Amino acid sequence: MQKILGYMRKAIEDYHMIEEGDKIAVGLSGGKDSITLLKGFKALQRFYPKKFDFIAISINPGFEFFDTCFLKEICDDIGVSFFEEVSHIKEIVFDIRKEKNPCSLCANLRRGILNSSAIKNGCNKIALGHNEDDVLETFLLNLFYTGSISTFAPVSYMDRSNMTLIRPLIYAPEKDIRKFIRKNNIEVMKKACPMDGASKREDMKDFIKNMQLDIPHIRANLYGAIKRSNIKGWN
């Protein structure tokens, strides 16, 4: 946990993610990243100088293997309030629209529901579990598929809802999160999405892995390019 907390605290302090009195909604999907973020917040809360509160919100997309009881048990074990929002995302994305590349639409629908739930529960911030790999993969996806130099920001303010989005795990490599989960024997929820392992994001993950064989510092180089660029929110 100390290593994860180190990544979190650096990101939080570099980008001023937490202020005194914040109430933060953690988006809990049941995967390794969101569980790590939830447990990291609980540990951080004990010593962080700025006092804050947080809750967990899960969006039930309607997939067969989505396990609400499992998520609630995770929260109960560490004393965090759990809220579930039942949705029709699976029906809309896969049954009605039959999207061939559903990730973007699914993410937008989830984000909208999470935002509404956070407002309903009195939160002023939402925390998502995107890690360092997600930053790099999104950068390459935008570069290769849209011709834009961009990735998501560490902190985003949504003025229409007066909600701030934060990503405290942006400095944490996926391998370290996996190691934390494995070392602490933490169970994660079975992947529910039928597109898992078959998306363009997975292609970018493989691309970076293969390029790393010839360019060992490619991850640091990509991250450095992002931080030196004019990408909104990174400088």
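Okay, to start: where is the place of glutamate 174? Glutamate 174 sits in helix α7. Before I go on, a reminder that this is a predicted model.

So, is glutamate 174 buried or exposed? Its relative accessibility comes out at 11%, and because buried means under 20%, glutamate 174 counts as buried. Setting aside residues up to four places away in sequence, glutamate 174 touches Lys32, Asn131, Asp133 and Lys205. With lysine 205 there's a polar contact, side chain to side chain, at 3.0 Å. One more distance for you: aspartate 134 is 40 residues away from glutamate 174 in sequence, yet C-alpha to C-alpha they are 8.4 Å apart in space.

Now to the pocket. Glutamate 174 is among the residues that lie nearest the centre of the second largest pocket, along with Asp133, Lys209, Gln212 and Arg219. That pocket has a volume of about 260 Å³, and 13 residues line it. Which elements give two or more residues to the lining? Those are α6, running 132-146, α7, running 174-183, and α8, running 200-214. The most comes from α8, with 5 residues. And what does the lining look like by class? You get 10 charged residues, 2 nonpolar and 1 polar.

Let's move over to the nonpolar side of things. The largest nonpolar core has 55 residues, and the ones touching the most other members are Ile18, Leu38, Phe41 and Ile170. Take isoleucine 18: leaving out residues up to four places away in sequence, its contacts are Ile12, Ile24, Phe41, Leu44, Tyr48, Lys50, Phe52 and Lys125. Apart from the largest core there's another one, of 13 residues, including Ala25, Cys123, Met163 and Leu165.

Last stop, serine 34. You'll find serine 34 in helix α2, which covers residues 32-45. Why does serine 34 count as buried? Because its relative accessibility is 5%, and buried means under 20%. Outside its neighbours within four places in sequence, serine 34 is in contact with Gly27, Leu28 and Ser29. If you zoom in on serine 29, its backbone nitrogen lies 3.1 Å from a polar atom of the serine 34 side chain.

So if you open the model yourselves, I'd look at two spots: the side chains of glutamate 174 and lysine 205, with their polar contact, and the serine 34 side chain with the backbone nitrogen of serine 29. That's it from me.

Terms used:
Residues numbered from 1 in each chain as written. Predicted model: local features only at pLDDT ≥ 70, side-chain atom pairs only at ≥ 80, totals over all residues. Heavy atoms only, no water. 1 Å grid on protein atoms, 1.4 Å probe; cavity = no way out; pocket = protein on both sides within 12 Å on 5 of 7 lines; lining within 4 Å. Points joined across faces, edges and corners; volume = space filled by probe spheres on them. Helix = DSSP H or I, 4+ residues; strand = E, 2+ residues; numbered from the N terminus. Nonpolar A, V, L, I, M, F, W, Y, C, P; charged D, E, K, R; others polar. Core = buried A, V, L, I, M, F, W, Y, C linked by side-chain atoms within 4.5 Å. Buried < 20%, exposed > 50% of the residue type's maximum accessible area, 1.4 Å probe, protein only. Contact = heavy atoms within 4.5 Å. Polar contact = N/O pair within 3.5 Å; in protein donor to acceptor, adjacent residues only side chain to side chain.
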